[in-house]
Amino acid sequence: MRHAHPVETVRAAEAELMARLPEGALMQRAAAGLAATCARLLGRVYGSRVTVLVGSGDNGGDALYAGAALARRGARVTAVLLAPGKAHAGGLAALRAARGRVTAEQEVGLADFSCADLVLDGIVGIGGRGGLRPGAVPYAEARRRGVVVAVDLPSGVDADTGEVPGVALRADVTVCFGTYKPGLLIDPGASYAGAVQLVDIGLTLPQPELTALQHADVAALLPLPGAESDKYRRGVVGVAAGSATYPGAALLAVAGALRGGAGAVRYVGAAAEEVVRRFPETLVTEGGPAGAGRVQAWVVGPGGGEGARQALAEALASDVPVLVDADGLTELGRIGPSALAGRTAPTLLTPHTGEAARLLAGADGGAPAAADDLAARRLATARRLAAAYRATVLLKGSTTVIADPGGAVRVNPTGTSWLATAGSGDVLAGLAGSLLAAGLPPLDAASVAAYLHGLAGREAAGAPGAPVTALAVAEALPAVWRAVRQA
Ligand SMILES: NC(=O)C1=CN([C@@H]2O[C@H](COP(=O)(O)OP(=O)(O)OC[C@H]3O[C@@H](n4cnc5c(N)ncnc54)[C@H](OP(=O)(O)O)[C@@H]3O)[C@@H](O)[C@H]2O)[C@@H](O)CC1
Ligand SMILES: Nc1ncnc2c1ncn2[C@@H]1O[C@H](COP(=O)(O)OP(=O)(O)O)[C@@H](O)[C@H]1O
Ligand SMILES: [K+]
């Protein structure tokens, strides 16, 4: 499991540790880990060209000490001071003692940046506010041939949220210290970080609010049939989806549900004939959720059209977990959080940012926010929705964020933008509903579903970089179950 902590928590842990260590020891640990990664990336350190971009704080100090370590191994290192007079004095002295060059001239700095084998971005770290300042912007726009290694965080990315309020410097690798920062895991910030490596500097940190699952965590959560299992004990998931206008959504939600680990899928809705023809293993019931047999969780809304309102009301009146998606979310937004007030079982909402805007408008009574603004602030958006509706929220998009009303947040590390294809959200809804029916709590069901769905998106493409279809994503799910369990 990857853990991320906000800046305030990191600072508190740092202060507690620094009080017990000799001055500068923590920075030395950070710089040593950073230099080791740079050396690995360079392969041959001796004779390589390294440019260190140095801002006004300790982030620049880390970069300077790492630059000094590389210079001692024969690299030709130039430090470019973006805030001359404020650069970390100890780091600067160490670099000079190792025969590194120092310049404050932008022209020299840019020329060096462009031809370096490796650039260390020590402009700003967790002390940063806003995007890059004007003096640093040309580096983000300049051509370069070498790798850029961000120190702790790509400069210009907000550590706590992943927001990029202006220009940021894109890295190939980020070496972060002590813990992941939320901004390294959540887009748009995450897309600037490249591959992220964590250096342990000995901080004692509290339980994180924000985590990202890895293969082993998902494998441990997957529902597996025991020797005595039968289909009912494995869970029955009810799918109320599809309409005369959108029968395909029903098929895709059922396709996802069939591969999610529940023992059976029960379908209600207008596309029953198509569903049974395509998936004869589906149980079909006439009428809505209220009249259907017993299920352990409901999925309501994909392609539901006009029928979504009634199906939503009936599912919400049940005492089992309910996943609300698509047209179900539009109906829920019309009513607002009061629709969930009487529920005794958990509710899981799976909006994309457009649906999130409608849900927030339903909660606040205001005009819907622009979906793009919500995407730029996806952590805050998911948390706000979870708090307003007292429900678990899976906010879809470039980084899927799952927020529990209790405050826990999971960030999904898998996926590909090829998943932005019609119907792939329906597959995700069916899959997550199936995991709910199999007994996973909503935070786990949602994050395991997002994880598998993201992997399946890549698997379905065959090779990276090819389009996928929603049905192919569902069909790739058994392969990714196996891959996760075998890891
Ligand atoms: N905490 C830990 O556990 C450890 C931390 N360590 C390291 O220390 C780093 C944090 O160092 P830090 O506190 O000195 O802050 P840092 O990010 O260097 O910024 C400093 C100054 O930059 C300025 N500035 C602000 N915004 C800006 C912008 N957009 N663009 C340009 N400049 C901007 C602003 O100063 P101003 O110019 O406004 O006076 C601000 O005060 C951390 O990321 C890690 O690398 C490790 O060594 C060991 C363990
Ligand atoms: N840019 C992106 N990068 C990665 N995944 C994306 C991106 N955009 C959308 N997705 C994923 O694709 C799926 C689309 O779901 P949704 O918007 O509900 O589509 P539909 O309603 O057509 O099924 C979600 O799982 C979402 O997280
Ligand atoms: K940085």
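Guide: A residue counts as buried if 20 or more other C-beta atoms lie within 10 Å of its own, and this cut-off will help us through the predicted model shown above.

Visitor: How does that apply to S155, and is it buried or exposed?

Guide: S155 has 28 C-beta neighbours inside 10 Å and therefore counts as buried, although it lies in a loop, the one between β6 (147-151) and β7 (173-177). Leaving out residues up to four places away in sequence, S155 touches D121, I123, V124, G128, L132, A136, A168 and L169.

Visitor: Which residues does the "binding site" annotation that includes S155 cover?

Guide: The annotation comes from an unreviewed UniProt entry, and it covers N59, D121 and S155. These residues span 97 positions in sequence, yet no two of their C-alpha atoms are more than 9.7 Å apart, so they gather at one spot.

Visitor: Where is N59 found, and what is it in contact with?

Guide: N59 is found in helix α3, and it is buried, with 27 other C-beta atoms within 10 Å. Apart from its neighbours within four places in sequence, N59 is in contact with G122, V124, G125, G127, V151 and D152.

Visitor: How should I read the surroundings of ligand 1, and which residues come nearest?

Guide: One can begin with the residues and then turn to the elements that supply them. Of the 29 residues around ligand 1, those that come nearest are G57, D58, N59, G125 and G127. Helices α1 (7-18), α2 (25-42) and α3 (58-72) each supply at least two residues of this shell, and the largest share, four residues, comes from α3. By class, the shell around ligand 1 holds 12 nonpolar, 10 polar and seven charged residues.

Visitor: How many residues surround ligand 2, and which are the closest?

Guide: Ligand 2 is surrounded by 18 residues, of which K396, S417, L419, A420 and G425 are the closest. Helix α18 (residues 424-437) gives the most to this shell, with four residues, and the shell divides into five nonpolar, 11 polar and two charged residues.

Visitor: K396 is among the closest to ligand 2, so to speak a landmark; where does K396 lie?

Guide: K396 lies in the loop between β16 and β17, where it is buried, with 28 other C-beta atoms within 10 Å. Not counting residues up to four places away in sequence, K396 touches T350, P351, H352 and G425. S398 is found in the loop between β16 and β17 as well, but S398 is partly exposed, with 17 other C-beta atoms within 10 Å; beyond its neighbours within four places in sequence, it is in contact with D187 and S417.

Visitor: Which residues does the "binding site" annotation that includes K396 cover?

Guide: In the unreviewed UniProt entry, that annotation covers K396, G397, S398, T399, T400 and G425. They span 30 residues in sequence, yet no two of their C-alpha atoms are more than 13.8 Å apart, so they gather at one spot.

Visitor: How do the strands beside this loop pair, in the parallel or the antiparallel sense?

Guide: Strand β15 (residues 347-349) pairs with β16 in the parallel sense over two bridges, with L349 opposite V393, whereas β16 and β17 (residues 401-403) pair in the antiparallel sense over three bridges, with L395 opposite V401. β16 and β17 form a hairpin with five residues between them, and G397 in the turn has a positive phi of about 140°. Within β16 (residues 392-395), T392 and L394 point one way and V393 and L395 the other way, and all are buried.

Conventions:
Residues are numbered from 1 along each chain as its sequence is written. Chains are lettered from A and ligands numbered from 1 in the order in which they are written. This is a predicted model: local features need pLDDT of at least 70, side-chain atom pairs count only at pLDDT 80 or more; totals for chains, interfaces and linings use all residues. A residue is buried if 20 or more other C-beta atoms lie within 10 Å of its own, exposed if 12 or fewer, and partly exposed in between; C-beta atoms are placed from the backbone. Two strands pair if DSSP finds at least two bridges between them. A residue is near a molecule or strand if its C-beta atom, placed from the backbone, lies within 6 Å of it. Ala, Val, Leu, Ile, Met, Phe, Trp, Tyr, Cys and Pro count as nonpolar, Asp, Glu, Lys and Arg as charged, and the others, Gly among them, as polar. UniProt positions are given in the numbering used here, feature names are shortened, and annotations may be inferred rather than shown by experiment. Two residues are in contact if their C-beta atoms, placed from the backbone, lie within 7 Å.
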